[in-house]
There are 2 protein chains.
Amino acid sequence: MADIFFEDFIEGDVKTYGSYTVSAEEIVAFAREFDAQPMHVDEAAGKASLLGGLAASGWHACCITQRLMCEGFLLRAAGLGSPGVSEVKWRKPIHPGDVLSLRRTVVESRTSKSKPDMGLVTLKLELLKQMGEVATEQVIVILFARRNPGARLA
Amino acid sequence: MADIFFEDFIEGDVKTYGSYTVSAEEIVAFAREFDAQPMHVDEAAGKASLLGGLAASGWHACCITQRLMCEGFLLRAAGLGSPGVSEVKWRKPIHPGDVLSLRRTVVESRTSKSKPDMGLVTLKLELLKQMGEVATEQVIVILFARRNPGARLA
């Protein structure tokens, strides 16, 4: 059962989650299925590219971010889905052996008069490399159920 | 070898590509790896959710969009990578059996004085369902090599 609700997301709160080591095999397998550009499937092509070596598809990075969010808190939360992401920035390439973690910052938390049983939470999600560099950054909105939907908002 | 370059993206041009049928097995397999929220892995939980049935993760939709773009033109193009996506909107759920296609619109095309051998192309990518409904929408920027980098810009 969910034990994290809308009310648990406090504006300004920052937390870091998880650890995920990326392999060359995984980078290539993902890319062959969804994004088979040369720099994502071939080491030599990666070296010759702006990415400087075999590098994960940017969409793979987004998927790893989502996985770390699921493991970190989303699968224990009363999440109802997401209308979208306001921006995704692919800042640094992710190479084989990189160890990734997720930093999430609560940017905004708001309820809706029309949907009093849920609230919208805006999160900045940064996928960090082992030395703390930001590999990718996104701002996502997620709907969460309220713990106590009948309560009057302050 | 690439036969599509920066110069081939004309502002306002709209093209539609491909056909991709989504299965329940694929929706669940993707979600188990990256986004195991109940509505993406379980039919009953999907029915009880805002998505109205087992539905693909929004990130799965982005990955299918990228695959259709690769098959449609990107793997034949002199693509150099992408700095990011300015917005992703998940508008309609994708259910098992949906047949998806990609509509891409060239929003902007611009060269850079500092990097005269490449140009930036902004594309609106819409993932369409079989009846033409827009399931997801995103605006992505992609770097492409110029066909004739030595030429002086008009």
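Two residues are taken to be in contact if their C-beta atoms, placed from the backbone, lie within 7 Å, and the views below show a predicted model in these terms.

**View 1. The surface shared by the two chains.** In this predicted model, 28 residues of chain A are in contact with 28 residues of chain B. Of the interface residues of chain A, 100% are also interface residues in chain B, so the copies meet through the same surface.

**View 2. Elements that build the chain A side of the interface.** Helix 4 (58-72) and strand 2 (79-90) of chain A each supply at least two residues of the side that touches chain B, and it is strand 2 of chain A that gives the most to this side, with 12 residues. Sorted by class, the side of chain A that touches chain B comprises 15 nonpolar, 9 polar and 4 charged residues.

**View 3. Strand pairing across the interface.** Strand 2 of chain A and strand 2 of chain B (residues 79-90) run antiparallel and are joined by 4 bridges. Within this pairing, A:Val85 has B:Val88, in strand 2 of chain B, as its bridge partner.

**View 4. The rotation axis that relates the copies.** A turn of 180 degrees, together with a shift of 0.0 Å along the axis, lays chain A on chain B with an RMSD of 0.0 Å, and this is the relation of a two-fold axis. Among the residues of chain A, A:Glu87 comes closest to the rotation axis, with its C-alpha at 2.5 Å.

Conventions: Residues are numbered from 1 along each chain as its sequence is written. Chains are lettered from A and ligands numbered from 1 in the order in which they are written. This is a predicted model: local features need pLDDT of at least 70, side-chain atom pairs count only at pLDDT 80 or more; totals for chains, interfaces and linings use all residues. Ala, Val, Leu, Ile, Met, Phe, Trp, Tyr, Cys and Pro count as nonpolar, Asp, Glu, Lys and Arg as charged, and the others, Gly among them, as polar. Two strands pair if DSSP finds at least two bridges between them. Copies are superposed by least squares on the C-alpha atoms of residues with pLDDT of at least 70 in both.
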